[in-house]
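I open this page to record what I looked up in the model and how each term was applied.

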Amino acid sequence: MRPHHHDSADKVDSALESSREGLRALWISLAGLGVTALLQALIVVLSGSVALLGDTLHNVADALTAVPLAIAFLIGRRAATRAYTYGFGRAEDLAGVVIVLVIAGSAVAAGWLAVDRLLDPRTMTHIPWVLAAGVVGFLGNEIVARYRIAVGRRIGSAALVADGLHARTDGYTSLAVVPAAAGAWLGWGWADPIVGLAITVAIAFVLKDAAREVYHRLMDRVDPALVDRAETALLAVPGVHAVPGLRLRWIGHRLHAEATLVVDARLSLLAAHEIAADAEHRLTHRVPRLTGATVHVDPASHPGDDHHRELAHHRASQL
């Protein structure tokens, strides 16, 4: 028998480093979106454009989503306790709920302002600046989106990736301000509030996607391809006959696995443990962002949960 270890320290260090990267990405993107929203807000005050105001509100909301995510990353770095035995990674999912509520609030505000401007039309001024603000909004959001998505994929944070995709969509809604300003330039007073309503619809689509992503995480949904990859890795472990049970779940931006293996019934306890340790080791190296695995071993002569229930009933009858 060869000695083995579970690389616990390496897993903890990797998880902490990924949280640091996520926090760094959030603060940098918050600064970038903050500058973008500030420039747009100044032009809103000068021009009175409701389309630009709706886009500015959305950009402000997008920037503020960095705050609950940052808090979640900080909480998630805390060590597990006797009460929270899986740690605090679920704080990231709660932050996702807050993000969805913020996006919903920005949609309601943008729609309300657009309808108000339809009922009470006002003349847009400083039109060239409004055009410039739309372009600035697009560029600022696209830069932030690329950065968030890249970091989110590297550390395995679905919330950060979703936030990056949200920023990318915001960039395209910023471009929608351009036709609003062009319409006002041509004397079409209705163009500005109509584009404001279109931006509201775009925010609603983003809200739907973000809510679906958060719902999947709260319901412990994982990509089936990850399950296939984990099962293939386990079946490749010497001594494993079958994998009748395998479950994966996200805890924040980290994966945890629970697996049941079937091995030769004649193996000693030490040999069966060695196979389980090899299986855990292989899983954590073959499945991205998997930081922990619980492995249960069944003998090939009595595999499955039915045997466990029968054995427990038999023992209870003897007491």
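The entries below concern two helix topics and one residue.

I note that this is a predicted model, in which local features need pLDDT of at least 70 and side-chain atom pairs count only at pLDDT 80 or more, while totals for chains, interfaces and linings use all residues. Residues are numbered from 1 along each chain as its sequence is written, and side-chain values use heavy atoms, with hydrogens and water left out.

Entry on α9. I checked the length of helix α9 (residues 224–235; helices are DSSP runs of H or I, at least four residues). At 1.5 Å a residue (times one less than the number of residues) its 12 residues should span 16 Å, and the end C-alpha atoms lie 17 Å apart, which agrees. I then listed its buried residues (under 20% relative accessible area, 1.4 Å probe, protein chains only): L226, A230, A233 and L234. They cover an arc of only 100 degrees around the axis (from directions to the C-beta atoms), so they sit on the same side of α9. Their cover includes β1 (242–251), β2 (254–263) and α10 (269–286).

Entry on α5 and α7. I found helix α5 (residues 127–155) and helix α7 (residues 177–185) packed at about 165 degrees, with axes 8 Å apart. The two are therefore roughly antiparallel (over 145 degrees). Contact (heavy atoms within 4.5 Å) involves I127, P128, V130, L131 and G134 of α5, and V177, V178, A181, A182, A184 and W185 of α7.

Entry on A150. I located A150 in helix α5. At 39% relative accessibility A150 counts as partly exposed (between 20% and 50%). The C-alpha atoms of A150 and L160, 10 residues apart along the chain, are separated by 9.3 Å.

How values were computed. Axes fitted to C-alpha atoms, helices over the stretch in contact; angles between N-to-C directions. Parallel < 35°, antiparallel > 145°, perpendicular 65-115°, else oblique.
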